[in-house]
Amino acid sequence: MQRWARKMRSAPSYTDRMTQQDEDKAIPNVAEHKKESRTDPTDPRIDEKFISICNLTTQHLPEKILRRCQHIFNKYPVKELRELGKNYMKLYQALHASEKPTDLSKVKPFANTEEVVKEQPQIVYLGKPKLIVAGSKEQEKKEKAKLLPGKKQETDAAAQTKEEDVKEEKKERTSKEFEIVYDQSMTVAYLSRKMPHTFATAVRVFSEIKYRLPEFDPKTFLDFGAGLGSGLMAFADMFPNYEKIVAVEPATAMRKLGKHLNEDLQRVYWTESLASALTMHSDILFDVVYCGYVLEEVPDEKARLSIVETLFQKVKPNGLLVFLEPGSPKGFRFINDIRNVFRVRPRTEVNIVAPCPHHGECPLAKPEKLWCNFEVRVAKYPNAVFPKEKRQQTTDRERFSYLALKKGTIPASPSEAISPAERSFFWPRIIRPNLIRDGHVVMDLCNTDAELERRIIARSHGVEGGWKHIKSVKWGDLWPFQKRIPNKFRKEGRKGKRLW
């Protein structure tokens, strides 16, 4: 383990400038990155059915980015890079997916995982010395070795004090175990395992924003916790007429590699902190502020709440604040906490754009076996960029939870909505995969009354009832059709005259 770790550290810098021959070299068997932004959001052909479909096709990284990734991966042995990626994913999953769904009304907002889950998994990473767990045999041996012959036993009060110290030490040790330090090795591991997924989820969110807010044309963008720049990459892909992008990333290795990957993008400024970003640029407010996959790596709840409040202050009037987290119970818990911070504020100050069709309490926050998340299909690296293992699939499915807030007003009722985009704020959201049956489809919806609703769309409903459109919508899309009232409720009696 240590042998190849030294080999990884002694590898050449991944930001060595590519030659023109490498830039022009084509990668075989690469699917074209399809930009859904080529469709004008003000096109009259964009109707209710078009806007209701929020899901995208399989998302691919742009070919220029793939070319740079290939240039980086070629500097490392494939087997060692795979092993590094697997170890990184173990640590990543322990950080992001160690909680079970629970009743969030009983959990303190933005609480750490150790306050929610009693037993934490112990992480041993890359040969790090194994930490002794309190109460284990190793701990007992260690304590017995400290006792001198003839030493009196500790009093009950002293034993209780010692037990509290052990708990405090264990809590501190647990928080350190779940901290990911992004040095050069960790940055390359993140590039190999998570970069395509974070890019795909950001494209999915910005694509929905583009068509549900057709008159919104952002010029400035702040990416807080930019990582390798997947968020700003997706923003530039969806809104190519931007004027300035500011990327805040404290990790030096991440910031260095992010600059290398996105050097083709113009007017992108990287900085290590938000304070330095505000001193560098005169316009301290932004049209879009994006925070993706950040809050779970922040150490405590006070810091998380401070980040949320600070980022909201950096949004221009009628601008957007977007949060994106992994689709795990922990990721949804933080998204729900952010939602609770803003949903109680006046509707003249802030409004929820997506994914919720209401401003009430989330109906998925109380059930102990449910949470709100969505899915996007991601294309993995081609074999020419990073060789796959045997029987490894070419695509993956990334689940995520998100929240888009507008610092301004939206139509308060369906009667005030004029265009299909405005009416989409009151359409129910499909929160689970559809159940396809013989002659009908069962949908689980979150409606405008802040309730979970199960609706059946049958072939007998026809085109007006949505039977033809049901074949196009999936988990995460909107449903623009009204609820159909059964015939028995539209008659005077069982055999009476039809009322309408």
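Reader: Starting with the empty space inside: which elements each supply at least two residues of the lining of the largest cavity?
Author: Those are α14 (329-343) and β8 (395-406). Helices here are DSSP runs of H or I with at least four residues, strands are runs of E with at least two, and both are numbered from the N terminus. A cavity is a set of points, on a 1 Å grid over the protein atoms alone, where a 1.4 Å probe fits but cannot get out, and lining residues have an atom within 4 Å of a point.

Reader: Before I go on, what am I looking at here, an experimental or a predicted model?
Author: This is a predicted model, where local features need pLDDT of at least 70 and side-chain atom pairs count only at pLDDT 80 or more, while totals for chains, interfaces and linings use all residues. Residues are numbered from 1 along each chain as its sequence is written, and side-chain values use heavy atoms, with hydrogens and water left out.

Reader: OK, back to that cavity. Which element gives the most to its lining?
Author: α14 does, with four residues. The lining has 19 residues, and Phe-332, Pro-355, Cys-356, Cys-362 and Cys-372 are the closest to the centre.

Reader: And what's its volume?
Author: About 180 Å³. For a volume, grid points are joined across faces, edges and corners, and the space filled by probe spheres set on the points is counted. The whole structure has two cavities of 30 Å³ or more.

Reader: What about pockets, what volume does the largest one have?
Author: The largest pocket comes to about 900 Å³. A pocket is an open set of points with protein on both sides within 12 Å along at least five of seven lines.

Reader: Which residues lie nearest its centre?
Author: Tyr-182, Val-294, Glu-296, Glu-297 and Val-298, out of 46 that line the pocket. Elements giving two or more residues to that lining include α5 (78-96), α7 (156-177) and α13 (301-313). The largest share is from α5, with five residues.

Reader: I've got my eye on Arg-304. Which helix is it in?
Author: Arg-304 is in helix α13.

Reader: Buried or exposed?
Author: Arg-304 counts as buried because its relative accessible area is 2%. The cut-offs are under 20% relative accessible area for buried, over 50% for exposed and in between for partly exposed, using a 1.4 Å probe and protein chains only.

Reader: What does Arg-304 touch?
Author: Leaving out residues up to four places away in sequence, Arg-304 touches Phe-110, Ala-111, Asn-112, Leu-295, Glu-296, Val-298, Pro-299 and Phe-334. A contact means heavy atoms within 4.5 Å. Pro-109 is 195 residues away along the chain, with its C-alpha atom 9.7 Å from that of Arg-304.

Reader: Switching to aromatics, how many pairs are there?
Author: The search finds 20 aromatic pairs. Rings of Phe, Tyr and Trp (its six-membered ring) pair if their centres lie within 6.5 Å, and planes under 30 degrees apart are stacked, over 60 edge-to-face and the rest tilted. Phe-50 and Tyr-211 form an edge-to-face one, at 5.3 Å centre to centre and 85° between the planes. That pair links distant parts of the chain, with Phe-50 in helix α3 (residues 48-52) and Tyr-211 in helix α9 (residues 195-212), 161 residues apart.

Reader: Why does Phe-50 count as partly exposed?
Author: Because Phe-50 has 35% relative accessibility. Tyr-211 has 7%, so Tyr-211 counts as buried.

Reader: What forms an aromatic cluster?
Author: Phe-206, Phe-221, Phe-235, Phe-239, Tyr-242 and Tyr-290 form one.

Reader: And the nonpolar core, how many residues has the largest one?
Author: It has 81, and those with the most contacts inside it are Phe-73, Tyr-88, Leu-191, Phe-206, Ile-209 and Tyr-381. The largest share of this core, eight residues, comes from α9. A nonpolar core is a set of buried Ala, Val, Leu, Ile, Met, Phe, Trp, Tyr and Cys residues joined through side-chain atoms within 4.5 Å. Apart from that core lies another, of 29 residues, among them Leu-222 and Leu-274.

Reader: Last one: how many of the residues in α11 are buried?
Author: Seven of the ten in helix α11 (residues 252-261). The buried residues of α11 pack against α4 (63-73), α8 (184-193), α9 and β3 (268-271). α4 is mostly covered too, with nine of its eleven residues buried. In the chain of 500 residues, 51% are buried.
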